[in-house]
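Colleague: Please take a close look at the largest pocket in this model. Which residues line the largest pocket, and which elements supply them?

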Amino acid sequence: DGRIFFVKASDIEWIEAEEKYVILHARGQKHMIRQSIGALEEQLAPAGFVRIHRCHLINLESLLEVQPWSHGDCVAVLKSGTQLNVGRNYKEKLLQAMGDPAPQ
C-alpha cells in the first residue's frame with residue numbers, strides 16, 4: 001500500500017522466496033519486498049544469515065537446533081518454533097556456519 005518499513009537485520013528471523021519477491025519474517029510480522037533471495041543472501045551473509053534451502057535464508061541467531069530427518073535430510077528449528085527443511089545442497093554450508101568443521 002505504498003508504506004515503507006525499516007527492519008533491522010537482527011530482527012529478521014528468516015526469509016522466504018516467493019516468485020519475484022521475498023518475505024521477511026521479523027518479530028511476528030511479515031514484510032514483502034521485490035528482491036531476489038540471492039541478492040539478499042549476499043547482503044546479509046556478513047550479518048550472520050545463511051541459506052538453508054533454495055527458498056529460505058535464516059538468521060543464525062534465531063536457530064535453536066538442527067534435527068535429523070529421513071534419508072539424510074534435516075530440519076532447522078528456529079527459536080519461534082518454525083521448522084524449515086534444509087536442502088541437501090545447503091546442509092554442509094549450514095553445519096559449517098554453525099561451527100561444525102566436519103561435513104556430515
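Modeller: What follows describes the pocket and then two loop residues with unusual backbone angles. The model is a predicted one. Its largest pocket has a volume of about 190 Å³. The lining is made up of Arg-3, Phe-5, Val-7, Lys-8, Ala-9, Ile-12, Leu-24, His-31, Met-32, Ile-33, Leu-40 and Leu-44. Sorted by class, 9 of the lining residues are nonpolar, 1 is polar and 2 are charged. The charged ones are Arg-3 and Lys-8, because Lys and Arg count as charged. His-31 is the polar one, because His falls among the others in that scheme.

As to the elements, strand S3 (29-33) and helix H1 (37-44) each contribute at least two residues to the lining. S3 gives the largest share, 3 residues. Within the span of S3 lie His-31, Met-32 and Ile-33, while Leu-40 and Leu-44 fall within the span of H1.

The loops that join the strands deserve a check of the backbone as well. Glu-19 sits in the loop between strand S1 (12-18) and strand S2 (21-26). Although Glu-19 is not a glycine, its phi is positive, about 55°. Its relative accessibility is 82%, so Glu-19 counts as exposed, the cut-off being over 50%. Arg-27 is found in the loop between S2 and S3. Arg-27 also is not a glycine and has a positive phi, about 50°. With 69% relative accessibility, Arg-27 therefore counts as exposed too.

How values were computed. Residues are numbered from 1 along each chain as its sequence is written. This is a predicted model: local features need pLDDT of at least 70, side-chain atom pairs count only at pLDDT 80 or more; totals for chains, interfaces and linings use all residues. Side-chain values use heavy atoms; hydrogens and water are left out. On a 1 Å grid over the protein atoms alone, a cavity is a set of points where a 1.4 Å probe fits but cannot get out, and a pocket is an open set with protein on both sides within 12 Å along at least five of seven lines; lining residues have an atom within 4 Å of a point. Grid points are joined across faces, edges and corners, and a volume is the space filled by probe spheres set on the points. Helices (H or I, at least four residues) and strands (E, at least two) are DSSP runs, numbered from the N terminus. Buried means under 20% relative accessible area, exposed over 50%, partly exposed in between (1.4 Å probe, protein chains only).
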